[in-house]
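Please open the model in your viewer, show it as a cartoon, and keep the sequence panel at hand. The tour moves from one selection to the next and says what is to be found at each stop.

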Amino acid sequence: MKLVEVFVNHKINEDCTFVYSIKPNEYYRIKIGQFVEVPFGNKKILAVVVNLINKKVDYKVKNIIRIISGKMYNNLSIDIANFMLNQYYSPISKNIFSFFGAIPKKINDKDIFDIEDRKIKYINIKYFYSNDLQRINYYINLIKKRDKIIFSFASIKRAQEFARIVNYSQKIFSNNLNVSERYQLIKEFYLNPKTIIIGTRHAIFLQSTLGYTIVVDEYNHIGHKNDGHPNYLSEEVVKILNKYGIEIYLFSSSPTLSAVKNKWNYLIDEQPKILIKTYTKIDELNFYLETLVESQNKILIFNPIYRS
């Protein structure tokens with residue numbers, strides 16, 4: 001019997017898969033990573049194929065209703081989903097469905113495409129320190145040099161402002177898009193040899209057949225963090241993308257522990273002075289900051305360790 005193992009898009013808290021059967025004449029069309037529609041209770045819901053099985057079973061198995069898309073999830077997607085599971089205890093099924101969100105229930109044959117698996121190819125992540133004006137100018141020059149870029153911003157307003165500056169005519173890639181608009185941007189970036197995408201933090205999950213660059217603006221901003229599903233930090237996720245040969249630029253107006261460990265790229269005229277101190281009491285820290293601000297002008301205060 002031809003069977004498929006799937007994750008269903010349902011409010012279940014465990015990473016359990018479900019098995020469905022498929023007609024033999026349609027089995028050749030099934031691929032791991034495809035969206036399918038399946039019966040679930042008295043509903044029809046979306047599912048993602050995660051395994052193909054060819055064996056007999058001694059229990060009744062329902063048929064999948066139909067194949068909806070091409071291969072939308074590849075080895076890189078599964079790698080990220082597993083990373084989120086291990087790092088943030090976020091279920092794989094929740095992670096997978098959050099990458100692209102829902103897709104159209106009916107897709108024309110001409111709009112169906114497959115996201116192929118990627119090869120491992122390590123390259124270095126680049127950290128940048130700059131103010132807003134220097135950063136925007138750098139982004140504009142980067143657009144002139146690169147054919148395919150994703151700009152991921154911490155907020156929709158910041159993404160919209162940058163889109164206005166560079167006369168970006170496409171939709172901002174965010175959760176505000178409807179399913180058809182989101183799917184078209186996913187397809188265009190994957191297939192089009194020259195595409196710029198401006199979006200919020202979810203834009204980092206887009207992929208392409210060609211080499212491309214991801215720019216994360218203010219990567220340590222709260223907008224690149226989330227305590228809900230999927231629970232992840234953009235800076236951590238792009239390190240997985242980087243493993244597959246994707247060029248990553250992380251920009252910020254203040255340093256982080258990761259930036260300290262790596263070589264910074266300065267877009268400013270003067271390298272910031274960094275003062276590293278630890279304190280045992282919050283009152284001590286507050287007093288020190290106040291007196292320092294009064295006596296110093298250009299300085300970055302970095303407090304990586306705090307003990308209460």
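Begin by selecting helix α2, residues 92-100, in this predicted model; eight of the nine residues of α2 are buried, so the helix is largely enclosed by the rest of the structure. Show the side chains of I92, S93, N95, I96, F97, S98, F99 and F100, which are the buried residues of α2. Which elements cover them? Among the elements to display around the buried residues of α2 are the strands β1, β3 and β4, together with the helices α1 (75-88) and α5 (179-191). Just after α2 comes G101, where phi is positive, near 75°.

Next, select the sheet on which α2 packs, where the helix touches β1, β3 (34-40) and β4. This is an open sheet of five strands with antiparallel pairing, and reading across the strands gives the order β2-β1-β4-β3-β5. The edges are formed by β2 (18-21) and β5 (66-71), and because each has a single partner strand, one side of each is left without a neighbour in the sheet. If direction is ignored, neighbouring strands of this sheet are turned by 45° against each other on average.

Stay with this sheet and narrow the selection to β1 (residues 2-8) and β4 (residues 43-54), which run antiparallel and are joined by seven bridges. Within this pair, V6 is the residue that stands opposite V49 in β4. With β1 still in view, turn the model until α2 is visible as well, since the direction of the helix makes about 80° with that of β1.

One residue of this sheet deserves a selection of its own, namely E37, found in strand β3. Is E37 buried or exposed? E37 is buried, because its relative accessible area is 10%, which lies under the 20% that sets the limit for buried residues. Leaving aside residues up to four places away in sequence, E37 touches K44, I45, I64, I65, R66 and I68.

Now move to the other sheet of this tour, an open one of six strands with parallel pairing, whose order is β8-β7-β9-β10-β6-β11. Here β8 (195-199) and β11 (264-266) stand at the edges, and as each has a single partner strand, one side of each is left without a neighbour in the sheet. From one strand to the next, the twist averages 20°.

Work across this sheet from the β8 edge, selecting one pair of strands after another. Strand β7 (residues 148-152) runs parallel to β8 and is joined to that strand by five bridges, with I150 standing opposite I197 in β8. On to the next pair, where β7 and β9 are paired in the parallel sense over four bridges, and where the bridge partner of I149 is T213 in β9. Then add β10 (residues 247-252), which runs parallel to β9 and is joined to it by five bridges; at V215, the bridge partner to look for in β10 is Y249.

Pause on β9 itself, for this strand is mostly covered, with five of its five residues buried. In a regular strand the side chains alternate between the two faces of the sheet. Displaying the side chains of β9 shows T213, V215 and D217 pointing one way and I214 and V216 the other way, and all of these are buried.

For the next stop, select α4, the helix that lies across β7, β8 and β9 (213-217) and runs at about 145° to β8. Add α3 (residues 132-145) to the view; its axis and that of α4 (residues 156-165) come within 11 Å and cross at roughly 60°. That angle makes α3 oblique to α4, and α3 passes α4 in a right-handed crossing. Where the two helices meet, show D132, R135, I136, Y139, I140 and I143 from α3 with R158, F162 and I165 from α4. Sorted by class, this contact has six nonpolar, no polar and three charged residues.

Finally, zoom out to the protein chain, whose secondary structure comes to eight helices and 13 strands. Of its 308 residues, 47% are buried. Among the contacts in the chain with a separation of 6 or more, residues 24 or more positions apart account for 74%.

Notes
Residues are numbered from 1 along each chain as its sequence is written. This is a predicted model: local features need pLDDT of at least 70, side-chain atom pairs count only at pLDDT 80 or more; totals for chains, interfaces and linings use all residues. Side-chain values use heavy atoms; hydrogens and water are left out. Two strands pair if DSSP finds at least two bridges between them. Axes are lines fitted to C-alpha atoms, for helices over the stretch in contact, and angles run from 0 to 180 degrees between N-to-C directions. Contact means heavy atoms within 4.5 Å. Angles under 35 degrees count as roughly parallel, over 145 as roughly antiparallel, 65 to 115 as roughly perpendicular and the rest as oblique. A crossing is left-handed if the near helix is turned anticlockwise from the far one by less than a right angle, and right-handed if clockwise. Ala, Val, Leu, Ile, Met, Phe, Trp, Tyr, Cys and Pro count as nonpolar, Asp, Glu, Lys and Arg as charged, and the others, Gly among them, as polar. Buried means under 20% relative accessible area, exposed over 50%, partly exposed in between (1.4 Å probe, protein chains only).
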